[in-house]
Amino acid sequence: MKPILKSPAVILTAIALGVALLLSLTNAITADSIEENKRIKADKLRAEVLPAAVFIVQTSPDGIEYAAGTDGQGNPAGYVFTISVPGYGGPIEVMVGIGTRGLVTGVTVLEMTETPGLGMKAGDRAFLDGFTGASGSLSAVKHKPGEREIEAITGATVTSNAVTDAVNQAIELYKEVAR
């Protein structure tokens, strides 16, 4: 009969517990740095979608966090909203800047897991720049876009619609908080 301490199940359990302990220790040590890096990245991206603004993070009546931007002298410059929508390959997180006149100043994709070569093109400037200057309800179309239309990415209609929905949600939030 084998001694119980030399059993493969006991050895594997001990290894798993040791690894779990090390992972939790690593997480505890690096959690603050990770959060600080996320904040710095978010500030940098906010500055890209709403240039020349100083931001104060606030919460909408719906509980959605957004950043209100001011110029260096305290005058309103616009808002930056971070919206998560379902895409073809999973959630897509989009950051949208909207100036004080209600026009989109910039859009960037923060996270997505769309199909490489197709849906991932939603993060390209060629697609995202199509939203700049837009206001009101937008739709993604497969033909040459007209007013309030964005040209969908060929082969990635679901992703195009998802990003467009995120921008539309940001425009609606802007109307709520800019009153």
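Helices are DSSP runs of H or I with at least four residues, strands are runs of E with at least two, and both are numbered from the N terminus. The model is predicted: local features need pLDDT of at least 70, side-chain atom pairs count only at pLDDT 80 or more, and totals for chains, interfaces and linings use all residues. Residues are numbered from 1 along each chain as its sequence is written, and side-chain values use heavy atoms, without hydrogens and water.

**Exercise 1.** Find the helix that holds L23, and decide whether L23 is buried or exposed.

*Solution.* Start with the element: L23 sits in helix α1, residues 8-49. Next, take the cut-offs: buried is under 20% relative accessible area, exposed is over 50%, and partly exposed is in between (1.4 Å probe, protein chains only). L23 has 58% relative accessibility, so L23 is exposed.

**Exercise 2.** Place T100 and list its contacts beyond its neighbours within four places in sequence.

*Solution.* T100 falls in the loop between β4 (91-99) and β5 (104-111). Its relative accessible area is 45%, so T100 is partly exposed. Contact means heavy atoms within 4.5 Å. Leaving those neighbours aside, T100 touches P76, A77, G78 and Y174. Now check G78: the C-alpha atoms of T100 and G78 are 4.7 Å apart, with their positions 22 residues apart in sequence.

**Exercise 3.** List the contacts of F131, leaving aside its neighbours within four places in sequence.

*Solution.* Apply the same exclusion to F131. The partners are V104, V107, L138, I150, V163, T164 and V167.
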